[in-house]
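Reader: I am new to this structure. Please walk me through it in short steps.

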Amino acid sequence: FLLWVFVILFFFYFFQEKDIISFQKENKENIKKTQIIGERRQYIISQYAKMKQKYGQYISVKGDLRFLIYAIMIYENYRRPTFFRQLDYFRYQFDHIPRKQGIMQVDTKRLLNDIESIELVEKKLEKLQEKKKTKKNVVDVLDLLKGLGKKKDDLIQIEHIYCSLKEFAEL
């Protein structure tokens, strides 16, 4: 009888230990995810501040469409930083092969700087918004981005940045 008590206590202790260890691992993973999300949101907000200071005067749209333009700008700037855009600009002067240019990464056959690419995307978004015939301040992010020719992965990332910017603006 005493042997069975020890066996039962052993198994109880063994499984209880595993539950505690698995709980601790899950807790550490959740903390890491929270830190990553916080760092990502902080990056988005800091880039928003930089972009607003640098290009804010060139963006004429108001409301949520403005946040969408900043979201595209932040995403494309992350994917293709200034140094690489300048290299593309330089390469285009020699080979004249159409490629994406400017901070908004617009496909074009002519040279575009960052400001011209912002203005071009702004006009396209305004036209797409007018076609939707919705309220000016209501923005269907996914439809507008699809209209710009963005890929599915890009849509998700840009929408996340857009939502983060809106949350920040509401604080």
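Author: First, a definition: helices (H or I, at least four residues) and strands (E, at least two) are DSSP runs, numbered from the N terminus. The model is predicted.

Reader: In what order do the elements of the protein chain run from the N terminus on?

Author: The protein chain has six helices and two strands. Read from the N terminus, the order is α-α-α-β-β-α-α-α.

Reader: What percentage of the 171 residues in the protein chain is buried?

Author: A residue counts as buried under 20% relative accessible area. Of the 171 residues in the protein chain, the buried share is 32%.

Reader: How much of the accessible surface of the protein chain belongs to carbon and sulfur atoms?

Author: The total accessible surface comes to about 12,300 Å². The carbon and sulfur share is 59%.

Reader: Among contacts between residues at least 6 apart in sequence, what share joins residues at least 24 apart?

Author: A contact needs heavy atoms within 4.5 Å. Among the contacts at least 6 apart in the protein chain, the share that joins residues at least 24 apart is 52%.

Reader: What span is expected for α3 at 1.5 Å a residue?

Author: α3 has 14 residues. The expected span is 1.5 Å times one less than the number of residues. From first C-alpha to last, α3 reaches 20 Å, close to the expected 20 Å.

Reader: Which residues of α3 are buried, and why do they count as being on the same side?

Author: The buried residues cover an arc of only 55° around the axis, so they lie on the same side of α3. Phe83, Gln86 and Phe94 are exposed on the other side. The cover over the buried residues includes α2 (64-79), β1 (99-101) and α4. The buried residues are Arg85, Asp88 and Tyr92.

Reader: Which residue follows α3 and has a positive phi?

Author: The phi is near 50°. The residue is His96.

Reader: Which residue forms a salt bridge with Asp88?

Author: Asp88 counts as buried because its relative accessibility is 7%. The partner counts as partly exposed, at 27% relative accessibility. The closest N and O atoms are 3.0 Å apart, and the partner is Arg80.

Reader: Where is Arg80 found, and which residues does Arg80 touch?

Author: Arg80 is in the loop between α2 and α3. Gly102 is 22 residues away from Arg80 in sequence, yet their C-alpha atoms are 9.3 Å apart in space. Not counting residues up to four places away in sequence, Arg80 touches Arg85, Asp88 and Gln105.

Reader: How many residues apart in sequence are the parts that Asp114 and Arg85 tie together?

Author: Asp114 and Arg85 form a salt bridge, with the closest N and O atoms 3.2 Å apart. Asp114 lies in helix α4 (residues 114-132) and Arg85 in helix α3 (residues 82-95), so the pair ties together parts 29 residues apart in sequence.

Reader: Are Asp114 and Arg85 buried or exposed?

Author: The cut-off for buried is under 20% relative accessible area. Asp114 and Arg85 are both buried.

Reader: Which residue forms a salt bridge with Asp95?

Author: Asp95 counts as partly exposed, at 33% relative accessibility. The partner counts as buried, at 13%. The closest N and O atoms are 3.2 Å apart, and the partner is Arg99.

Reader: Which residues are linked in a network of salt bridges?

Author: A search of the whole structure finds eight salt bridges. The residues linked in a network are Glu76, Arg79, Lys150 and Asp154.

Notes:
Residues numbered from 1 in each chain as written. Predicted model: local features only at pLDDT ≥ 70, side-chain atom pairs only at ≥ 80, totals over all residues. Heavy atoms only, no water. Buried < 20%, exposed > 50% of the residue type's maximum accessible area, 1.4 Å probe, protein only. Areas by Shrake-Rupley, 256 points an atom, 1.4 Å probe, with all protein chains shown as cover. Salt bridge = Lys/Arg side-chain N within 4 Å of Asp/Glu carboxyl O. Arc of directions from axis to C-beta.
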